[in-house]
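Grab a pencil and open the viewer. Below are a few exercises, each with a worked solution to check yourself against.

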Amino acid sequence: ASSLGVVDSVADFLRSQKCSEALTQLKIVNMQLFSGIEAEMEFVKYLLASATSLEEMAITPHAGSVTDGGNLILDELKRYPRASPFAEIVSSE
């Protein structure tokens with residue numbers, strides 16, 4: 001299977017899941033070595049759309065694969081819809 005097929009399968013699986021009670025209570029997420037590959041972006045999109053109590057998502061870019069300090073990735077993530085009106089996405093370089 002191609003990596004694109006795997007990403008599509010993971011994205012379809014995430015979208016099909018019912019939001020669990022634990023996810024609705026999630027307040028802080030810290031993601032390290034973030035490179036912005038499609039699977040990571042889909043996972044963040046799922047978290048933002050599902051975590052109704054989320055307050056902060058801190059992203060640490062992977063220095064070996066992100067050349068601009070992660071600014072392009074952060075800009076894209078900040079455009080994703082959020083279930084929590086308080087959710088902030090920050091860089092934790």
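**Exercise 1. Find which residues of the largest nonpolar core touch the most other members.**

Solution. Start with the term: a nonpolar core is a set of buried Ala, Val, Leu, Ile, Met, Phe, Trp, Tyr and Cys residues joined through side-chain atoms within 4.5 Å. Buried means under 20% relative accessible area, exposed means over 50%, and partly exposed is in between, with a 1.4 Å probe and protein chains only. The largest core has 20 residues, and Phe-34, Met-57, Ile-59 and Leu-77 touch the most other members. Next, ask where the members come from: S1, H3, S2 and helix H4 (71-77) each give two or more residues to this core. H3 supplies the largest share, five residues.

Before going on, a word on what you're looking at. This is a predicted model, in which local features need pLDDT of at least 70 and side-chain atom pairs count only at pLDDT 80 or more, while totals for chains, interfaces and linings use all residues. Residues are numbered from 1 along each chain as its sequence is written, and side-chain values use heavy atoms, with hydrogens and water left out.

**Exercise 2. Work out the order of helices and strands along the sequence.**

Solution. Here, helices (H or I, at least four residues) and strands (E, at least two) are DSSP runs, numbered from the N terminus. Count them up and you get four helices and three strands. Then read along the sequence, and the pattern is α-α-β-α-β-α-β. For the overall picture, 34% of the 93 residues count as buried.

**Exercise 3. List what Phe-34 touches, then follow one of its partners, Thr-60.**

Solution. Contact means heavy atoms within 4.5 Å. Skip residues up to four places away in sequence, and Phe-34 still touches ten-odd names worth clicking on, including Met-41, Val-44, Ile-59, Thr-60, Ile-73 and Leu-77. Now move to Thr-60, which is found in strand S2. Thr-60 is buried, with a relative accessible area of 19%. With neighbours within four places left aside, Thr-60 is in contact with Asn-30, Met-31, Gln-32, Leu-33, Phe-34 and Ser-92.

One of those partners deserves a second look. Leu-33 is found in strand S1 and counts as exposed, at 56% relative accessibility. Its phi is positive, about 55 degrees, although Leu-33 is not a glycine. Most residues other than glycine have a negative phi.

**Exercise 4. Find the salt bridges: how many does the structure hold?**

Solution. A salt bridge is a side-chain nitrogen of Lys or Arg within 4 Å of a carboxyl oxygen of Asp or Glu. The structure holds two.

- Step one: Glu-55 pairs with Lys-27, with the closest N and O atoms 3.8 Å apart. Glu-55 lies in the loop between helix H3 (38-50) and strand S2 (56-61), and Lys-27 in the loop between helix H2 (21-24) and strand S1 (28-34), so the pair ties together parts that are 28 residues apart in sequence. Glu-55 is partly exposed at 39% relative accessible area, and Lys-27 is partly exposed at 43%.
- Step two: Lys-45 and Glu-42 meet at 3.9 Å, N to O. They're three residues apart in helix H3, which puts about one helical turn between them. Lys-45 is partly exposed, with a relative accessible area of 32%, whereas Glu-42 is buried at 16%.

**Exercise 5. Which ring does the charged end of Lys-45 sit over?**

Solution. A charge sits over a ring if NZ of Lys or CZ of Arg is within 6 Å of the ring centre and within 35 degrees of the ring normal. For Lys-45, the ring is that of Tyr-80, and the charged end is 4.9 Å from its centre.

**Exercise 6. Trace how Leu-26, Ser-53 and Ser-84 come together in space.**

Solution. Begin at Leu-26, found in the loop between H2 and S1. Leu-26 is partly exposed, with a relative accessible area of 25%. Leu-26 and Ser-53 are 27 residues apart in sequence, yet 5.9 Å apart in space, C-alpha to C-alpha. Beyond four places in sequence, Leu-26 is in contact with Leu-47, Ala-51, Ser-53 and Leu-54.

Now hop to Ser-53, in the loop between H3 and S2. Ser-53 counts as partly exposed at 28% relative accessibility. The next hop leads to Ser-84, 31 residues along the chain from Ser-53, with 5.6 Å between the C-alpha atoms. Apart from residues up to four places away, Ser-53 touches Thr-24, Gln-25, Leu-26, Lys-27 and Ser-84.

To finish, zoom out to contacts with a separation of 6 or more: residues 24 or more positions apart account for 79% of them.
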